[in-house]
Amino acid sequence: MSDKRVIAVVGATGSQGGGLCRAILSDPESGFAVRALTRDTTSPEASRLAHLGAEIVQADISDPTSLKSAFAGAYGAFCVTFFWNHFKPEVELQQAQFMAHVAKEAGLKHVVWSTLEDTRQWVPLDDGRMPTLMGQYKVPHFDAKGEANHFFRELGVPTTFLLTSFYWDNLIYFGLGPKRGEDGKLAITLPMGDRPLPGIAAEDIGACAYQIFKKGNAMVSQTVGIAGDVLTGYQMAASLTNALGEVVVYNPISHSAYRSLGFDGAEDLGNMFQFKHDFNEDFCRPRNVVATRALHPGLMTFDNWLSKYKAHIQTS
């Protein structure tokens, strides 16, 4: 492994980082070694990555000292934050700043930063089309990531800015899967009207990041959007119907109704979907499926993903 370039992977036991680790480790010709960063080196996923050949390193992105050790001697790093662990955009901003500064100090040659749009560029805080949240955000989990881009740019960190899409895995793990109504029928509820929603398999995010690292300097300073399919709620429901063998309908509720559902993050997600709906062309444009497949030929469509994971979707 000493002759391989080390990629330090933040969130190595999560969806995005884990996908990158597995993509590198499954390719014996990758030329990269994986340094998997995790707060819990004893977790089952950390053990699985170690078995595949990863170096497991304890690190916390809120602790610059541990990041310095984890980034030391590495060629590159995959950087990501975890809003849904704490629901605090100010924490994401601080963590991104730490990662950018440590990456600069470590002299990393390539960073892939998993980011999103700062929606305030489209919907200023005084714009009443959607409520302002936490006093200074429209979509907190988007806006903080987009705002944090400047840390990497202003420090001159050689960075690729990776724009992700809706995880289809949310249909399994995030409570967005089909729900059975009082009439006994299954339905997916999304406030997208008839507008298409770019989506992707979580594991393909990591696989795309791997291809970006392989392309190296050509990708530095580029913003790369990725999607495996761009589908309306009606199209997603039709695919779910075919995969599950039971009718699934699409329930296109209003954004305000979604914001009022009451679960943690409902207002944030309601605003997110409204942004994706109201500025649909701007959101979809960088997330080109053809370009994503050119980057990662093994990219899954939604139907491909359903064939692989439909058994994990709870319908009872």
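# Exercises on a predicted model

Helix α8 (residues 233-244) lies across β9 and β13, and its direction makes an angle of about 160 degrees with β13. The model is a predicted one, and the exercises below begin with the sheet that this helix covers.

## Exercise 1: the sheet

Task: work out in which order the strands β8, β9 and β13 are arranged, and which of them are the edge strands.

Solution. Begin with the order, which is β8-β9-β13 in an open sheet of 3 strands with mixed pairing. Next, look for strands that pair on one side only: these are β8 (179-180) and β13 (248-251), the edge strands.

Then take the two pairings in turn. Between β8 and β9 (residues 186-189) the pairing is antiparallel, over 2 bridges, whereas β9 and β13 run parallel and are joined by 4 bridges.

Task: find which residues stand opposite Arg180 and Lys179 in β9, and which residue stands opposite Leu186 in β13.

Solution. Starting from β8, Arg180 faces Leu186 of β9, and Lys179 stands opposite Ala187 in β9. Moving on to β13, the residue opposite Leu186 is Val248. Finally, follow the chain from β8 to β9: the two strands form a hairpin with 5 residues between them, and in the turn Gly184 has a positive phi of about 85 degrees.

## Exercise 2: the nonpolar cores

Task: identify which residues touch the most other members of the largest nonpolar core, and which helix gives the most to this core.

Solution. The largest nonpolar core has 64 residues, and those that touch the most other members are Leu20, Phe71, Phe78 and Leu162. The helix that gives the most to this core is α7 (residues 202-215), with 8 residues. Apart from this core lies another, of 35 residues, which includes Met192, Ala201, Leu231 and Leu306.

To see the surroundings of one member, take Leu20: leaving aside residues up to four places away in sequence, Leu20 touches Ile7, Val9, Phe78, Gly206, Ala209, Tyr210 and Phe213.

## Exercise 3: a threonine in a helix

Task: decide whether Thr292 is buried or exposed, and then describe what its side chain reaches.

Solution. First locate the residue: Thr292 is found in helix α12 (residues 289-295). Its relative accessibility is 1%, and because buried means under 20% relative accessible area, Thr292 counts as buried. The side chain of Thr292 reaches the backbone oxygen of Asn288 at 2.7 Å. Once residues up to four places away in sequence are set aside, Thr292 touches Cys208, Gly225, Ile226, Ala227 and Leu299.

## Exercise 4: aromatic pairs

Task: explain why the pair of Trp122 and Phe275 is edge-to-face, and which parts the pair ties together.

Solution. A search of the whole structure finds 21 aromatic pairs. For Trp122 and Phe275 the ring centres are 5.3 Å apart and the planes stand at 65 degrees, so the pair is edge-to-face, since planes over 60 degrees apart count in that way. Trp122 belongs to the loop between β5 (110-115) and α5 (140-154), while Phe275 belongs to helix α10 (residues 266-278), so the pair ties together parts that are 153 residues apart in sequence. As for accessibility, Trp122 counts as partly exposed at 25%, and Phe275 counts as buried at 1%.

Compare this with the pair of Phe142 and Phe283, which is tilted, with 6.3 Å from centre to centre and 35 degrees between the planes. Phe142 lies in helix α5 and Phe283 in helix α11 (residues 280-284), so this pair ties together parts that are 141 residues apart in sequence. Both Phe142 and Phe283 are buried. As a last step, these four residues can be placed in a wider group, for Trp122, Phe142, Phe275, Phe279 and Phe283 form one aromatic cluster.

## Exercise 5: positive phi outside glycine

Task: state where Met134 and Ser221 lie, and what is the sign of phi in each.

Solution. Most residues other than glycine have a negative phi. Met134 has a positive phi, near 55 degrees, and lies in the loop between β5 and α5. With a relative accessible area of 47%, Met134 is partly exposed. Ser221, which is not a glycine either, has a positive phi of about 75 degrees and is found in the loop between α7 and β11 (223-225). Its relative accessible area is 56%, so Ser221 is exposed.

Conventions:
Residues are numbered from 1 along each chain as its sequence is written. This is a predicted model: local features need pLDDT of at least 70, side-chain atom pairs count only at pLDDT 80 or more; totals for chains, interfaces and linings use all residues. Side-chain values use heavy atoms; hydrogens and water are left out. A nonpolar core is a set of buried Ala, Val, Leu, Ile, Met, Phe, Trp, Tyr and Cys residues joined through side-chain atoms within 4.5 Å. Buried means under 20% relative accessible area, exposed over 50%, partly exposed in between (1.4 Å probe, protein chains only). Contact means heavy atoms within 4.5 Å. Two strands pair if DSSP finds at least two bridges between them. Axes are lines fitted to C-alpha atoms, for helices over the stretch in contact, and angles run from 0 to 180 degrees between N-to-C directions. A polar contact is a pair of N or O atoms within 3.5 Å; within protein, one must be able to donate a hydrogen and the other to accept it, and residues adjacent in sequence count only if both atoms are side-chain atoms. Rings of Phe, Tyr and Trp (its six-membered ring) pair if their centres lie within 6.5 Å; planes under 30 degrees apart count as stacked, over 60 as edge-to-face and the rest as tilted.
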